[in-house]
Amino acid sequence: MFDGLTTTTGVLLVVSLLIAFGFEFVNGFHDTANAVATVIYTRSLRPWTAVILSGVCNFLGVFVGGLAVALSIIHLLPIELLVSSGVGLGLAMILSLLLAATLWNLGTWYFGLPSSSSHTMIGAILGVGLANSMLPGHEFGAGVNWAKVGDVGLALLLSPLIGFTLAALLLLAAKRLIRDPQLYRAPLGSRPPPPWIRGILIFTCTGVSFAHGSNDGQKGVGLVMLILMGIVPAGFAINLALAEPQMREASAAVVTIHDALGSAATAAPDVRAKLAEVEDELQSLKATLGSAARPEQVPADLRFAVRRDVLLIDSTLKKLDQSGALVLPKEQAERVKDARADLRELTDYAPNWVLFCVALSLGIGTMVGWKRIVVTVGEKIGKEHLTYAQGASAELVAMSTIGISAGLGLPVSTTHVLSSGVAGTMVAQRAGLQAATVLKIASAWVLTLPASMLLAGMLFLVFRAMLC
């Protein structure tokens, strides 16, 4: 996979991967600290026991989380950047994304502010897309997937509100249904909570950590794959580990889409022009894949072209389908949808070693530098000490919200969901909120998107001038 690398390309690859794994490392101690705050401040676990448990669960979460969130994040980028075969442009994109996100995360961590790595990464991606659209020959704002931006933005906007409201309601429901007074008192000294309460709190800490790995870990996986496909396209542009049956399905998908489009009902000239482009890309794919029984039989110098054609075909057909411009009989429309999924098997993948390295970076990061954020969540949101019921309510809501979002492919913020959940329980408990801390967290939430957009956009223009 790494055959034929020059010294310069090898150095660029190593530096890029180190920055990507560094981002996940920072993400670990920045975001996962939220997951352990409640078990530490309710005396359910000793700090290092909680942190190690959380790190292990984050590691495991990356492996079972799939790639839905990773693909949602990546597809925010302009398609021209995703299909660019120029190493310089791809590297400029990746370096600007990672450096902007890492710098903002480190800055907010230093001040103990629970800001969102998801929010930061999405802002950085938008900054790169908008900066690219400002270059000569582009229309400002064109190329950015605004529909996907809307979906992701709505998830990020609603998740803190969901965390606040549901955690408050859950605490109020617990007060009515569970009468044990120990549940609603702050811990006494270093004494651990009753065994059944402790079990719930440890379970929720484990669940939040696992869900965080399955959601946030995917972002790192997607970014590492962008690096590999951009710098070493012959080895990673398509899934060389794809089995022969899946390869046959991908080849058959080209024929299925080609035959279906031949009977598409459309009169609009612009739609016909787009379909003609898809036809050309299908013909190119048919010629390349037709003689290959396995992915590695595709000539090395054509593998990125295969990736480009697959992404362009899928993107064009998806846009035409969503706009209603592509009119097909119901059965044919379903076949085209299935065929698109079969084609994407060639490009939507990640090797196990990538999952392992991202998981390891996230897990180790969880065990380093966690204390600043933990202190903010545990001591500085409410005016009173966190009770057992408050910790369990906030964690249960966070675990459920993040886990469901990962399954739906929606990137949400562990930080925002959990810290807002803690705030919701403080309000429900009538413990009051520390206005200064809430204002700082809200300010970080508001400023993260524009700040990361501006930083990433500026870095992209600088790196593009240097590398392209």
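1. A good place to start is helix H3, which gives the most to the nonpolar patch, with six residues. Please keep in mind that this is a predicted model. H3 spans 47–64, and helix H15 (352–366) is also a contributor, each of the two helices supplying at least two residues of the patch.

2. Here is the membership, for anyone who wants to select the patch in a viewer. On the surface, Trp48, Ile52, Val56, Leu60, Phe63, Val64, Phe210, Phe356, Leu360, Ile364 and Val368 form this nonpolar patch, and together they have about 960 Å² of accessible area.

3. Leu60 is a handy residue to look at within the patch. Leu60 sits in helix H3. Its class is partly exposed, because its relative accessibility is 44% and that class lies between the 20% and 50% cut-offs.

4. Now to the cysteines. How many disulfides does the rule count? The count comes to zero. The rule asks for a pair of cysteine sulfur atoms within 2.5 Å. For Cys57, the closest cysteine sulfur belongs to Cys205 and is 7.1 Å away, so the distance is too far for a bond. Seen from the other side, Cys205 has its closest cysteine sulfur in Cys57, again at 7.1 Å and too far for a bond.

5. Are these two cysteines buried or exposed? Cys57 counts as buried because its relative accessibility is 7%, and Cys205 counts as buried at 0%. The cut-off behind both calls is under 20% relative accessible area.

Notes. Residues are numbered from 1 along each chain as its sequence is written. This is a predicted model: local features need pLDDT of at least 70, side-chain atom pairs count only at pLDDT 80 or more; totals for chains, interfaces and linings use all residues. Side-chain values use heavy atoms; hydrogens and water are left out. Patches are made of residues with over 30% relative accessible area and no salt bridge: like charges are joined within 9 Å, nonpolar side chains (Val, Leu, Ile, Met, Phe, Trp, Tyr) within 5 Å. Accessible areas come from the Shrake-Rupley method with a 1.4 Å probe; for residues, only the protein chains shown count as cover. A salt bridge is a side-chain nitrogen of Lys or Arg within 4 Å of a carboxyl oxygen of Asp or Glu. Helices (H or I, at least four residues) and strands (E, at least two) are DSSP runs, numbered from the N terminus. Buried means under 20% relative accessible area, exposed over 50%, partly exposed in between (1.4 Å probe, protein chains only).
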